[in-house]
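Visitor: I would like to learn how to read a structure like this one. Please show it to me, and then start with the terms.

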Amino acid sequence: MEDKGIPREQIFRMIRKYKEKDLTHLSGRILGSMCTFPHPVGVEAYLMFLESNMGDPGLFPGTKAIEDEVITILGELLGKRDVFGHIITGGTEANLMAMRAARNYRRVENPEIIVPKSAHFSFRKAADILCLKLNKADLNDDYRVKLTSVENLISDNTVAMVGVAGTTEMGKVDPIEELSDICLENNIYLHVDAAFGGYTIPFLKEAGFDLPKFDFSLQGVSSITIDPHKMGLAPIPTGGVLFREKKYLESMAIETPYLTEDMQSTMVGTRSGAAAAATWALLKHLGKDGYRKIAVECMELTYFLADGIKKAGFELVTPPQLNIVAFRSKNISVNEIARHLEDKGWAISMASYPDSIRIIVMPHLKREHIEEFLADLELINED
Ligand SMILES: Cc1ncc(COP(=O)(O)O)c(C=O)c1O
């Protein structure tokens with residue numbers, strides 16, 4: 001650390017050099033991330049509330065009112081207006097909170113959870129932190145969880161079951177309605193990880209897409225993860241967790257002697273109010289029409305990409321259900337395809353089950369980016 005401070009202009013000249021090394025979403029080169037360029041209205045609201053700490057809400061009653069309103073709006077979007085929850089850092093924290101609530105609520109010795117093999121690795125973190133045994137259920141050929149496998153894993157110690165609405169690698173929606181029935185029958189807590197699909201499935205359904213039920217309209221669903229910083233276009237870090245009943249939040253509540261609230265249920269203490277403000281501003285600004293348009297455009301581009309991939313001589317792992325396309329080749333290894341694409345400057349990502357290239361068609365991607373990508377993909381097969 002320097003003894004003497006550096007003038008402002010010089011600081012920004014210096015720091016810009018680091019920024020120039022980063023990729024940008026708007027370049028259209030980032031094809032393997034669930035994050036996107038944040039919407040300017042969300043950014044403006046975020047900046048306005050930088051000093052708000054939701055860890056001490058009595059100091060910021062205005063921001064707290066915003067968070068409460070956001071939770072109600074998201075609940076309404078997901079089938080139940082009177083839900084309880086928080087705006088937090090992202091899907092990992094939301095899944096961790098949901099697993100903690102389920103564990104604390106049941107309080108059994110040697111608790112276990114059942115997650116699909118496709119579940120995000122945040123459940124492994126949750127299992128590690130919360131000392132839960134993680135049981136992984138098999139998938140069907142369509143990469144959605146196999147119900148018989150789920151049922152076989154149920155034990156007296158099962159404190160939670162997880163279904164995913166928009167799996168990380170394939171973008172699939174698990175049969176949540178059937179999981180809900182199984183959970184009701186066995187008195188098990190069902191958490192739906194809709195970190196990715198929560199901001200699209202409701203709008204796509206309205207637009208006529210054939211997608212299954214996945215939300216609080218199903219009586220067995222106890223909690224839902226929904227991430228504004230993915231398809232909600234909010235700045236990072238902005239996640240959301242919603243609970244059907246207050247008792248789940250209460251099962252995690254810890255006394256907070258020196259703060260303006262008596263009890264706290266979140267994992268973290270000091271917590272950004274800016275995230276809630278950005279989410280509120282975007283829900284109001286874009287409205288249902290805006291989010292529906294974004295979701296439908298992403299799906300149209302997804303179908304265009306999937307079609308182009310097949311025309312370029314590659315095979316889709318599975319037909320896309322949401323805006324994720326996974327593909328591979330009969331003749332070229334996935335690593336080799338990845339190397340060719342990376343050499344051309346594409347930031348793709350790889351799926352592990354099965355090994356494949358995975359493209360997430362986020363709102364920052366436009367048709368010209370996909371056309372350019374497909375042209376490079378065609379060259380691989382010609383080499
Ligand atoms: C389905 C799902 N859940 C949870 C997460 C974790 O979200 P975050 O990275 O915001 O913690 C992801 C991230 O990709 C995801 O795809």
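Guide: A residue is called buried under 20% relative accessible area, exposed over 50%, and partly exposed in between, with a 1.4 Å probe and protein chains only. Y143 is buried, with a relative accessible area of 13%. N110 counts as exposed, at 57% relative accessibility. Note that this is a predicted model: local features need pLDDT of at least 70, side-chain atom pairs count only at pLDDT 80 or more, and totals for chains, interfaces and linings use all residues. Residues are numbered from 1 along each chain as its sequence is written, and side-chain values use heavy atoms, with hydrogens and water left out.

Visitor: What share of the 383 residues in the protein chain is buried?

Guide: Buried residues make up 55% of them.

Visitor: How many helices and strands does the protein chain have?

Guide: Helices (H or I, at least four residues) and strands (E, at least two) are DSSP runs, numbered from the N terminus. The protein chain has 12 helices and 13 strands. Its radius of gyration is 22 Å, close to the 21 Å from the globule rule for 383 residues, so the chain is as compact as a globular protein of that length. That radius is taken over C-alpha atoms, and the rule is 2.2 Å times the number of residues to the power 0.38. The C-alpha trace spans about 65 × 65 × 45 Å along its principal axes.

Visitor: How do I read contacts along the sequence?

Guide: A contact means heavy atoms within 4.5 Å. Of the contacts in the protein chain with a separation of 6 or more, 71% are between residues 24 or more positions apart.

Visitor: How is a sheet read?

Guide: Strands of a sheet pair through backbone hydrogen bonds, either parallel or antiparallel. Two strands count as paired if DSSP finds at least two bridges between them. Here, an open sheet of 4 strands has the order β10-β11-β13-β12, with antiparallel pairing. Its edge strands are β10 and β12 (349-352), each pairing on one side only.

Visitor: Which strands are joined to β11 by bridges?

Guide: Strand β10 (residues 315-316) is joined to β11 by 2 bridges, and strand β13 (residues 355-360) is joined to β11 by 4 bridges. On the β10 side, E315 has R328 of β11 as its bridge partner. On the β13 side, I324 stands opposite I360.

Visitor: Why is strand β11 described as largely enclosed by the rest of the structure?

Guide: Strand β11 covers residues 324-328, and 4 of these 5 residues are buried, so it is largely enclosed by the rest of the structure.

Visitor: What should I look for in the backbone angles?

Guide: Most residues other than glycine have a negative phi, and most peptide bonds are trans. N110 is not a glycine, yet has a positive phi of about 50°. N110 sits in the loop between α4 (91-106) and β2 (112-116). Y143, also not a glycine, has a positive phi of about 70° and lies in the loop between β3 (133-137) and α6 (147-153).

Visitor: Which residues are joined by a cis peptide bond?

Guide: One such bond runs from I236 to P237, with omega near 0°. P237 belongs to the loop between β6 (221-226) and β7 (239-243). Another joins Y353 and P354, with omega about -5°, and P354 is in the loop between β12 and β13.
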